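Please walk through the following model with attention to one glycine at the start, and then to the domains, sheets, cores and chain contact around it.

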Amino acid sequence: MNRKQQKMLVRILLSAGLLLIVNLIPLPVWLQCPFFAGAYFIIGYDVLRKAVLGIGNGRFLDENFLMAVATLGAIALAILQKSFEFNEAVAVMLFYQIGELFQGIAVGKSRRSIASLMDIRPDHANVERDGVLIQMDPEEVPVGSDIVVQPGERIPLDGYILEGTSAIDTAALTGESLPRDVFPGSELISGCINLTGLLKVRTLREYGDSTVARILDLVENSASNKSRSENFISKFSRIYTPVVVLGALMLAVLPPLAAIATNRDPLWSIWIYRALTFLVISCPCALVVSIPLSFFAGIGGASRKGILIKGSNYLETLSNVKTVVFDKTGTITQGVFEVQGIHHSSLSEEDLIEYATLAESASSHPISQSLKRTYGHEPDRSRVSDIQELSGRGILATVDGKHVAAGNDRLMSELGIEFIPCRSAGTIVHIAIDGVYSGHILISDMEKNNVQAAMEALKKTGVTRIVMLTGDSESAARQTAERVGIREYRSGLLPGDKVAAVEMLLKESGQRQKLAFAGDGINDAPVLTLADVGIAMGALGSDAAIEAADVVLMDDDPVKISLSIAIARKCLRIVYENIAFALLIKFGCLLLGALGIAGMWAAVFADVGVMVLAVLNAMRALRVPGHS
Amino acid sequence: MKKSYKIEVDCANCANLMEQAAGRVPGVKSCSVNFMALKMNVEFEDGADPARVMKSVLKECRKVEPDCEIEF
């Protein structure tokens, strides 16, 4: 409880105490009045003050104004009827304030518990200066500083290890509970916890650009993208109050007038009392608070599993995902290419690899990286000239004065060179030297070991269509798709074709059924933006992907995609439950109030009760489905 | 230009009202209030002076919720 809440608690106790005294000790009416007045003003003075301020600003539909009218009206009725029964007016104000207090405490508590999930902010960095360790604010540490991270400490800045080995707990960022072993040369991500050994680290980024700052920024700004449900509720609350107030006015005036017209007793006080009951129910707060709370909890729960969702609108879209499109590399496969075989080579295998590596030496493509690894040492670039990279086909280059062509089937066909196609799945690099076919190198990417399980889980969450996009040949794509259990694929795609393929799929999937695209964030920023929901996997290192994606998976586990859909479904279910429940109770109370069955007491109880239950229900969104 | 401010407000509906009130202030292009994170994200119109605009934003917000606070 903060100070404001403590003060309110004291006021509630004082007011309730005074109310008890009047009701327990038999006092003459003229002596009761000061007690009632005391209790009423202690508990309600701020409401009355705000009501007056509201009138000054022309706000007649302000909840404080309505609460003031309802209670003062009840007091006036009691005086007019000479019953001097002020219990109701004081109690309504009292319960209204108890409700507000409870709401404040509950929201504050959930806010803290959600915030603590995201508590990955490092508080200091131990910087080494001339052999002495100084504690500094991570924001003040320049790039390239040497810092020391002790066991149990949070890694304050991104960097790589100079000395020491240890195990790193990445759970706060990735949801992965197994510690990761690190050694000199390993890159460290800020926000993780160093578990066992002392590490000397050279920083690679400033705090503002480091992983931890970027993630916090992303999470804190996630709420600026509001969902349709939130917009619905805030629009609804805008019309709800005026409509209820109008209803109250009509209830106060019309039935008595009708009674007068038919020569019956108008029963003014009864109808005015019922109208005042309407005013008590007119505050939309219970309805309004639980919706953003549910979304906030859903996003918080997901972030604990290493799933960052950039806004509640994406949570909403995720829950309607029926089509998931995968970019094969990095999502279904590990994105690590290895040379698997050399076939039909007319040269020695070493020579073929050497020509291929040299030709590809200027490329940063994963293929050239894997060639380099097999080659074993840095290629001598001075032997290569006239490099020409043909996107989606391969490379032409002059190596030691010979014209080398290294690339796929299409490149060979274009050059008019007869080649031997490969039956194995993977990327094929055909090599032709001076126009003569010299064999091919098979490079393939390892599938992740839990892909099948991930696809099964996706189907179980209700995804009806899974499509794989790949630049591989038809036969290689079919083999991969069959192995992992995907029925649809688009093969032989150049990088630019992916956009067109996803555009087609978007058209086919229709309005209500949403399409998610999952990529590893390398070269697929346009597609991530294009899809209804762009999911970037294993994106911790890639700024472009974090920028372009709507959902960021901190690690590259494909099962997280179905998990995020499941989280979204659960969260939206809770949102709808809360909307339906709150509306039902509100309208139920209005009806019973109009009929005179429910009085002010019942109205204020129902109002507070709905809010409490809605808040408790919203907190369920924190728990991730299928995980304890 | 976009800026984010810490706010203090007690009820969710008041946060909605603040969002509407702030959105109407001249110089504010769009405004979004996050009740859960207690943050107000304001996008200013080109050439607007954030400090001056925020003063009137606070004034307008106080009209709908006298107890609210915005740190700027």
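**A buried glycine and its surroundings**

Gly301(A) counts as buried because 24 C-beta neighbours lie inside 10 Å of it, in what is a predicted model throughout. The cut-off for that label is 20 or more other C-beta atoms within 10 Å. This glycine is found in helix H9 of chain A, and, when residues up to four places away in sequence are not counted, Gly301(A) touches Ile567(A), Ala621(A), Leu622(A), Arg623(A) and Val624(A). Pro151(A), by contrast, is not among these partners: Gly301(A) and Pro151(A) are 150 residues apart along the chain, and their C-alpha atoms are separated by 27 Å.

Helix H9 also leads to the contact between the chains, which takes 22 residues from chain A and 16 residues from chain B. On the side of chain A that touches chain B, the elements that give two or more residues are helix H2 (29–56), helix H4 (87–117), helix H7 (228–261) and helix H9 (285–304) of chain A. Which of these gives the most to that side? It is H9(A), with six residues. Sorted by class, the side of chain A that touches chain B has nine nonpolar, seven polar and six charged residues.

Turning to the interior, the largest nonpolar core has 180 residues, and those with the most contacts inside it are Val90(A), Val92(A), Val289(A), Phe517(A), Ile535(A), Val551(A) and Met18(B). Helix H20 of chain A, residues 559–595, gives the most to this core, with 14 residues. Ile535(A), one of the residues with the most contacts inside the core, touches Ala516(A), Phe517(A), Ala518(A), Ala549(A), Val551(A), Leu553(A) and Ile561(A), again not counting residues up to four places away in sequence. A second, separate core of 29 residues includes Tyr355(A), Phe419(A), Ile431(A) and Ala432(A).

The division of chain A comes next: it has domain 1 (1–117), domain 2 (125–219), domain 3 (221–332 + 448–571) and domain 4 (335–446). The C-alpha centres of domain 3 of chain A and domain 4 of chain A lie 44 Å apart, and 11 residues of domain 3 of chain A are in contact with eight residues of domain 4 of chain A. On the domain 3 side of this contact, the elements that give two or more residues are helix H11 (328–331) and helix H16 (474–484) of chain A; H16(A) gives the most, with three residues. The residues on that side of domain 3 divide into three nonpolar, six polar and two charged.

An open sheet of six strands in chain A has the order S12-S17-S16-S15-S14-S13, with antiparallel pairing. Strand S12 (333–343) and strand S13 (384–390) of chain A stand at the edges, and each has a single partner strand, so one side of each is left without a neighbour in the sheet. On average, with direction ignored, neighbouring strands of this sheet are turned by 20° against each other. Within the sheet, six bridges join the antiparallel strands S16 (residues 427–433) and S17 (residues 436–447) of chain A, and Thr427(A) has Ile443(A) in S17(A) as its bridge partner.

A further antiparallel pair is made by strand S1 (residues 125–129) of chain A and S2(A), over five bridges, with Ile134(A) in S2(A) as the bridge partner of Val127(A). S1(A) and S2(A) form a hairpin with two residues between them, and Asp130(A) in the turn has a positive phi of about 50°. Strand S2 (residues 132–136) of chain A is hardly covered, since the count of buried residues among its five residues is zero.

Definitions and conventions:
Residues numbered from 1 in each chain as written. Chains lettered and ligands numbered in written order. Predicted model: local features only at pLDDT ≥ 70, side-chain atom pairs only at ≥ 80, totals over all residues. Domains from an automatic or database assignment. Contact = placed C-beta atoms within 7 Å. Helix = DSSP H or I, 4+ residues; strand = E, 2+ residues; numbered from the N terminus. Nonpolar A, V, L, I, M, F, W, Y, C, P; charged D, E, K, R; others polar. Pairing = 2+ DSSP bridges. Axes fitted to C-alpha atoms, helices over the stretch in contact; angles between N-to-C directions. Core = buried A, V, L, I, M, F, W, Y, C linked by C-beta atoms within 7 Å. Buried ≥ 20, exposed ≤ 12 C-beta atoms within 10 Å, placed from the backbone.
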